[in-house]
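The exercises below ask the reader to work from overall architecture to the pockets and the core. Each task is followed by a solution in steps.

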Amino acid sequence: MFEYSFHWRAAFKALPDMLAGAWVTFETAALSMIFGVLIALLLTLMRQAKHPALRGFAATWISIARNTPSLFQIYILYFGLGSFGLHVSSWLALLAGITFNNAGYLAENFRGGLKAVPDTQLRAARSLGMSAPQAYRLIVVPQLLRIVFYPLTNQMVWAVLMTSLGVIVGLNDDLTGVTQDYNVKTFRTFEFFALAAALYYLIAKAIVAVARLLAWRLFRY
């Protein structure tokens, strides 16, 4: 017989702290995306390089990021480096782990997007006197970003959800960490995690809505 008694008042009293944790979650995900995009662009260019060492480095990064669990990547950065005397904070280990993962997936998205940009665009830019870096920065990359815009949005949502892994390395000021702290104190597991799930859902929906608005403003022509 179902005998559980719901107590939502305690969860709603904790809502300000959970909202503060949600902001930490969003900040962490946003930073991981910024760094991830920059590294992914670099990895994409390295895969086009003639030097085999550069191509091999990029291929290895992408392969490890895409074929190992994110949890293991964060564990290695936090506990693994600690074994060698290199101690990093829980937040930094989480940020680095998500960034590493984002860069690997985004690099593959960028590679596919780069193939969708006609080679004639680059040749035309070079024929007008642009250097290769100028041609990529002014001609190729803007078109590439338009092609991969929606995959970027999906990755941002995934980054927000991956921040919940911070709790396994002791992070307690993001949304999941704050929720777990209140859960330990009150044992109201369902109420707190249901509210946290609703906040994650709202964050994800807000990201998608903002992305659609940006796409309408940027790509309507």
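## Exercises on pockets and packing

By class, six nonpolar, one polar and two charged residues make up the lining of the second largest pocket. The model examined here is a predicted one.

**Exercise 1.** Determine which residues line the second largest pocket, and which elements supply at least two of them.

*Solution.* Start from the space itself, which for the second largest pocket comes to about 200 Å³. Next, list the lining, which consists of Gln48, Leu114, Lys115, Val117, Pro118, Asp119, Leu122, Tyr136 and Val140. Finally, assign these to elements: α5 (90–116), α6 (119–127) and α7 (132–147) each contribute at least two residues to the lining. In the class count, Lys115 and Asp119 are the two charged residues, and Gln48 is the polar one.

**Exercise 2.** Describe the largest pocket by its volume, its lining and the classes of its lining residues.

*Solution.* The largest pocket holds about 390 Å³ of space. Its lining has 16 residues, and those nearest the centre are Phe149, Leu152, Thr153, Met156 and Leu214. Two or more lining residues come from each of α2 (15–47), α8 (149–162) and α10 (189–218). Sorting the lining by class then gives 15 nonpolar residues, one polar residue and no charged residues.

**Exercise 3.** Establish which residues of α8 are buried and what covers them.

*Solution.* First consider the helix as a whole: α8 has 14 residues and spans 20 Å between its first and last C-alpha, close to the 20 Å expected at 1.5 Å a residue. Taking buried to mean under 20% relative accessible area, one finds Phe149, Leu152, Thr153, Gln155, Met156, Val157, Ala159, Val160 and Met162 buried in α8. The cover over these buried residues includes α2, α4 (70–83), α5, α7 and α10.

**Exercise 4.** Identify the residues with the most contacts inside the largest nonpolar core, and trace the contacts of Phe110.

*Solution.* The largest nonpolar core has 44 residues, with Met18, Leu43 and Phe110 making the most contacts inside it. Two or more core residues come from each of α2, α3 (52–67), α5, α7, α8, α9 (175–186) and α10. Once neighbours within four places in sequence are set aside, Phe110 contacts Val37, Ala40, Leu41, Thr44, Leu144, Val148 and Leu152.

**Exercise 5.** State how many helices and strands the protein has, and what share of its residues is buried.

*Solution.* The secondary structure comprises 10 helices and zero strands. Of the 221 residues, 37% count as buried. Among contacts between residues at least 6 apart in sequence, 76% join residues at least 24 apart.

Technical notes
Residues numbered from 1 in each chain as written. Predicted model: local features only at pLDDT ≥ 70, side-chain atom pairs only at ≥ 80, totals over all residues. Heavy atoms only, no water. 1 Å grid on protein atoms, 1.4 Å probe; cavity = no way out; pocket = protein on both sides within 12 Å on 5 of 7 lines; lining within 4 Å. Points joined across faces, edges and corners; volume = space filled by probe spheres on them. Helix = DSSP H or I, 4+ residues; strand = E, 2+ residues; numbered from the N terminus. Nonpolar A, V, L, I, M, F, W, Y, C, P; charged D, E, K, R; others polar. Core = buried A, V, L, I, M, F, W, Y, C linked by side-chain atoms within 4.5 Å. Buried < 20%, exposed > 50% of the residue type's maximum accessible area, 1.4 Å probe, protein only. Contact = heavy atoms within 4.5 Å. Expected span 1.5 Å × (residues − 1).
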